[in-house]
Amino acid sequence: MMEGQLQQLAASTLARIGEAATPEQLESVRVEVLGRKGTLAQISKDMGKIAAEERARVGKLLNAAKNELEGALDRRQSEFEQAALQARLDKEWIDVTLPAPGVRPGSLHPLTQIQQELEDLFISMGVAVLYGPEVETEYNNFDALNIPPDHPARDMQDTFWLSDGHCLRTHTSPVQVRGMARFGPPLLMIAPGRVFRNEEVDPSHEHTFYQLEGMMVDRNVSIANMLYFMKTLLRHIFKRDVTVRLRPGYFPFVEPGFELDIQCLICGGPGCPVCKQSGWVELLPCGLVHPNVLRMGGIDPDEWSGFAFGLGLTRLVMMRYAIDDIRHLQGGDLRFLRQF
Ligand code: FA5
């Protein structure tokens, strides 16, 4: 009796598997027949009721029917999967002969451009390009530059201090210290890089900006050497001769120290809004290296002298491209960056 029932069930289920038109229909056959509460499970439960000597034979038949049905279900299912894959392959294809959508090439950031330009210029003049770390020791950033801990000049640059006593360098001048220690005199170097100050941000002040340090140490270095160096640099940047003037400026690491101004490139002298009607634009601080700084760098100030300057690269980019707000430069707005 049970044998007949099994044969019938197997035959009708095989037929339904063959007829299933969708994976969902197939699944419902699987649940109905082979599921935990399906027909086969029910039959298997009823086995308890048949005579013990019959049980083994029927059990075998039951297992055979189960295996056969499972095999048929799996085969049908992989047919569905094949068909679905084929349908996708037919639909999704790429015409490799079509022209590619426009690829917008990237470009170097204007700060990087100006930095690389100046590096190339100085390399061609035989100047070494040095890079220092952005996380500096207090000694390199301050003490070795003649700014001891209690010196009021420490307040000129608001500093980000790290918990281990290091700081984010507030200027590129610590690379002078590293240059002196590493190479000794004579020394002719520049050091471009990123610096950080804990400052209120406004149109002309960023907390993160770029400087380019320059330093020359040799015998009898004078302000005339420094001016020649500066004028070469400025001519290269602005692609014309620029008139400069020096005003006294105070930095503990130079003596005498100066602020170098250039004659306003917009109005050429008479005065305009860019130069605040003065005819001059403040560009970079510089001076002759303080004997204490040379001494701390292991260089005898009686034998050697030097000049140093710290160019604000970020401000220079602003002047070159007439950018009125420093925050554009690191704001990450592609509409701004694509102009360069
Ligand atoms: C210095 O940092 C000195 N280390 C420069 C120096 C080197 C002097 C060697 C003498 C000899 P100062 O703090 O003035 O100096 O900064 C130098 C330049 O960095 C400024 O002229 C300006 O162009 C730029 N700068 C300073 N603060 C900011 C800021 N918050 N955002 C953008 N640029 C800045």
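1. A residue is taken to be near the ligand if one of its heavy atoms lies within 4 Å of it. With that in mind, and remembering throughout that this is a predicted model, one may begin with the ligand site, where 24 residues surround the ligand and His171, Ser173, Arg197, Glu206 and Gln211 come nearest.

2. The polar contacts at this site deserve to be listed individually. A nitrogen atom of the ligand lies 2.9 Å from a polar side-chain atom of Ser173, and a backbone N or O atom of Glu206 is likewise placed 2.9 Å from a nitrogen atom of the ligand. Gln211 takes part through its side chain, an N or O atom of which is 3.1 Å from an oxygen atom of the ligand.

3. Gln211 merits a paragraph of its own. This residue belongs to strand S5, and because its relative accessible area is 9%, Gln211 is classed as buried. Besides the ligand contact, a polar atom of the Gln211 side chain lies 3.0 Å from the backbone nitrogen of Thr172. When neighbours within four places in sequence are set aside, the residues in contact with Gln211 are His171, Thr172, Ala191, Pro192, Gly193, Val195, Arg197, Leu311 and Leu313.

4. Gln115, in helix H5 (residues 110-124), is another glutamine worth inspecting. Its relative accessibility is 16%, and Gln115 therefore counts as buried, the cut-off being under 20%. Apart from residues within four places in sequence, Gln115 is in contact with Tyr131, Pro192, Tyr210 and Leu313. Pro192 and Leu313 are also among the contacts of Gln211.

5. Leu313 leads on to helix H10 (residues 313-321), in which Leu313, Thr314, Leu316, Val317 and Met318 are buried. The buried residues of H10 pack against helix H5, strand S5 (208-218), helix H8 (223-238), strand S8 (280-289) and strand S9 (305-312). Both the helix that holds Gln115 and the strand that holds Gln211 are thus found in this list of packing partners.

6. The backbone just after H10 should be checked, since Ala322, which follows the helix, has a positive phi near 50°, and most residues other than glycine have a negative phi. Ala322 sits in the loop between H10 and helix H11 (334-337), and it counts as exposed because its relative accessibility is 64%. A second case is Gln277, a residue other than glycine whose phi is positive, near 65°. Gln277 is located in the loop between S7 and S8, and with a relative accessible area of 51% it is exposed, the threshold being over 50%.

7. Two cis peptide bonds should also be noted, given that most peptide bonds are trans. One runs from Pro185 to Pro186, with omega near -10°, and Pro186 is placed in the loop between helix H7 (174-183) and strand S4 (187-196). Another joins Glu255 and Pro256, with omega about -5°, and here Pro256 lies within a strand, S7 (residues 254-263).

8. Gly297 occupies the loop between helix H9 (291-296) and S9, and since its relative accessibility is 17%, this glycine counts as buried. Not counting residues up to four places away in sequence, Gly297 touches Met180 and Ala181. The C-alpha atom of Gly297 is separated by 8.8 Å from that of Gln176, although the two residues are 121 residues apart along the chain.

9. As to enclosed space, a search of the whole structure finds 1 cavity of 30 Å³ or more, and the largest cavity has a volume of about 50 Å³. Its lining is made up of Phe142, Ile147, Ala153, Met156, Gln157, Phe251, Pro252 and Phe253, which divide into 7 nonpolar residues, 1 polar residue and no charged residue.

10. Among the open pockets, the second largest has a volume of about 170 Å³. This pocket is lined by Arg104, Pro105, Gly106, Ser107, Leu108, His109, Leu334, Leu337, Arg338 and Phe340, and by class its lining comprises 5 nonpolar, 3 polar and 2 charged residues. Of these lining residues, Leu334 and Leu337 fall within helix H11 (334-337).

Terms used. Residues numbered from 1 in each chain as written. Predicted model: local features only at pLDDT ≥ 70, side-chain atom pairs only at ≥ 80, totals over all residues. Heavy atoms only, no water. Helix = DSSP H or I, 4+ residues; strand = E, 2+ residues; numbered from the N terminus. Buried < 20%, exposed > 50% of the residue type's maximum accessible area, 1.4 Å probe, protein only. Contact = heavy atoms within 4.5 Å. 1 Å grid on protein atoms, 1.4 Å probe; cavity = no way out; pocket = protein on both sides within 12 Å on 5 of 7 lines; lining within 4 Å. Points joined across faces, edges and corners; volume = space filled by probe spheres on them. Nonpolar A, V, L, I, M, F, W, Y, C, P; charged D, E, K, R; others polar. Polar contact = N/O pair within 3.5 Å; in protein donor to acceptor, adjacent residues only side chain to side chain.
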